[in-house]
Amino acid sequence: MAKLTIDDLKKIKEKVHREMSLRDGDRRVKVTVHMGTCGIASGAKEVMDALLQEIETAGANDVIVTTSGCMGLCSREPLVTVEILNQEPIKYEYMNPNKMRQVFKRHILAGEIQTPFVLARGAEVTR
Amino acid sequence: MLELAAHILDIAENSIRAGAKIVEIEIDENDAKDLLCVKINDNGSGMTKEEMEKIHDPFYTTKKVRRVGLGIPLLNDAAQRAGGKLIIKSEKGLGTSVEATFQLSHLDRQPMGNITTTLLALVAGNSSIDFLYKHRHNDRQFIFDTRQIRKEIDDLPINHPEILKYIRGVISEGLQDIASLA
């Protein structure tokens, strides 16, 4: 495989610019992966990577990913919060890469909340 | 934590929480000296002398949601178990530097693990912060700088899926080039 260069980055930029003008780049979903010490120790990094790879494969440019700190529920990590625009945030507990892929395909893309993995509804408070 | 890449992610998250604008991660693998050195520098808020004294205490944290702060004690333990040590330098208002050393060939040294996913998690989750990654293996070096990427992509967000895919490729190629063994 040819090595990736800065020129490749320019090509990607041009390609993304072309596509952006075709569809509106609205942010429809925000996914928060909790990255405290507790989350990282129980596998949040792998969950995050599974999510990023799913987004890349699906070309889901309307999904933004962010990280947050510990919220005090260390025993239920890895935690992931899915916020679809104009809907209540859903917090998933004990996540792993497979569950993350399922949540991405069924909840983020198809809108079906994956009840067996849900910890709570509503936003968290991190202090 | 089972791999050094997870520790690095954890310490870098501390830097981000301290308001750092740029986080530098340096890894140095030296076969001749049998030494592995991992260093994380930031320009965050830094710590006072009083805070520095309590840093190794697992029951000290600046957070209010729980009463333990295990990130630093865990890395300290990982370094000591592998014949190394942890050195932390910090100045209030200027930033913090955390340096962990390990005997490269030590049986109890944790493996480096997947550093690519660590960097991707940092870049994707903190698109407004810059990261500089320097990895040296004997005489070969790989440098990854988000500022360089930002310069090329202008108004595109650095956490755009296509850009992250590019970053993933660049980092895995770079690590292959320097034949990192850790």
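Select chain B to begin: a compact globule of 182 residues would have a radius of gyration near 16 Å, and chain B, at 16 Å, agrees with that value. The radius is taken over C-alpha atoms, and the globule rule is 2.2 Å times the number of residues to the power 0.38. This is a predicted model, in which local features need pLDDT of at least 70 and side-chain atom pairs count only at pLDDT 80 or more, whereas totals for chains, interfaces and linings use all residues. Residues are numbered from 1 along each chain as its sequence is written, while chains are lettered from A and ligands numbered from 1 in the order in which they are written.

**Chain B as a whole**

With chain B still selected, align the view to its principal axes: the C-alpha atoms fill a box of roughly 45 × 40 × 25 Å. Colour by secondary structure to find six helices and six strands, in the order α-β-β-α-α-β-β-α-β-β-α-α from the N terminus on. Helices (H or I, at least four residues) and strands (E, at least two) are DSSP runs, numbered from the N terminus.

Buried residues make up 40% of the 182 residues in chain B. A residue is buried if 20 or more other C-beta atoms lie within 10 Å of its own, exposed if 12 or fewer, and partly exposed in between, with C-beta atoms placed from the backbone. Among contacts in chain B between residues at least 6 apart in sequence, 66% join residues at least 24 apart. Two residues are in contact if their C-beta atoms, placed from the backbone, lie within 7 Å.

**Strands of chain B**

Select strand E2 (residues 35-42) and strand E4 (residues 95-103) of chain B; eight bridges join these antiparallel strands. Two strands pair if DSSP finds at least two bridges between them. Within this pair, B:Ile40 stands opposite B:Val98 in E4(B).

Next add strand E3 (residues 86-91) of chain B, which runs antiparallel to E4(B) and is joined to it by six bridges. Here B:Leu86 stands opposite B:Ala100 of E4(B). E3(B) and E4(B) form a hairpin with three residues between the strands, where B:Gly93 takes a positive phi near 90 degrees.

Move to B:Asp34, in the loop between strand E1 (22-30) and E2 of chain B. Its phi is near 55 degrees, a positive value in a residue other than glycine. B:Asp34 counts as partly exposed because it has 13 C-beta neighbours inside 10 Å.

**The interface**

Display both chains: 34 residues of chain B are in contact with 32 residues of chain A. On the side of chain B that touches chain A, the elements giving two or more residues are helix H1 (4-17), helix H4 (115-125), helix H5 (146-153) and helix H6 (161-177) of chain B. H6(B) gives the most, with nine residues. That side of chain B divides into 16 nonpolar, eight polar and ten charged residues; Ala, Val, Leu, Ile, Met, Phe, Trp, Tyr, Cys and Pro count as nonpolar, Asp, Glu, Lys and Arg as charged, and the others, Gly among them, as polar.

**The sheet of chain A**

Now select the strands of chain A, where five form an open sheet of mixed pairing in the order E2-E1-E3-E4-E5. E2 and strand E5 (118-121) of chain A are the edge strands, each pairing on one side only. Neighbouring strands of this sheet are turned by 20 degrees against each other on average, direction ignored. Helix H3 (residues 44-58) of chain A packs on the sheet, touching strand E1 (29-34), E2 and E3 of chain A, and its direction makes about 155 degrees with that of E1(A). Axes are lines fitted to C-alpha atoms, for helices over the stretch in contact, and angles run from 0 to 180 degrees between N-to-C directions.

At the E5 edge, three bridges join strand E4 (residues 90-92) of chain A to E5(A), and the two run antiparallel. The bridge partner of A:Lys91 in E5(A) is A:Ala120.

**Loops of chain A**

Which residues are joined by a cis peptide bond? A:Glu77 and A:Pro78 are, with omega about -10 degrees; A:Pro78 lies in the loop between E2 and E3 of chain A. A:Leu73 is in the loop between strand E2 (63-68) and strand E3 (80-84) of chain A, and counts as partly exposed because it has 19 C-beta neighbours inside 10 Å.

Finish at A:Asn86, in the loop between E3 and E4 of chain A. The phi of A:Asn86 is near 65 degrees, a positive value in a residue other than glycine. A:Asn86 is exposed, with 6 other C-beta atoms within 10 Å.
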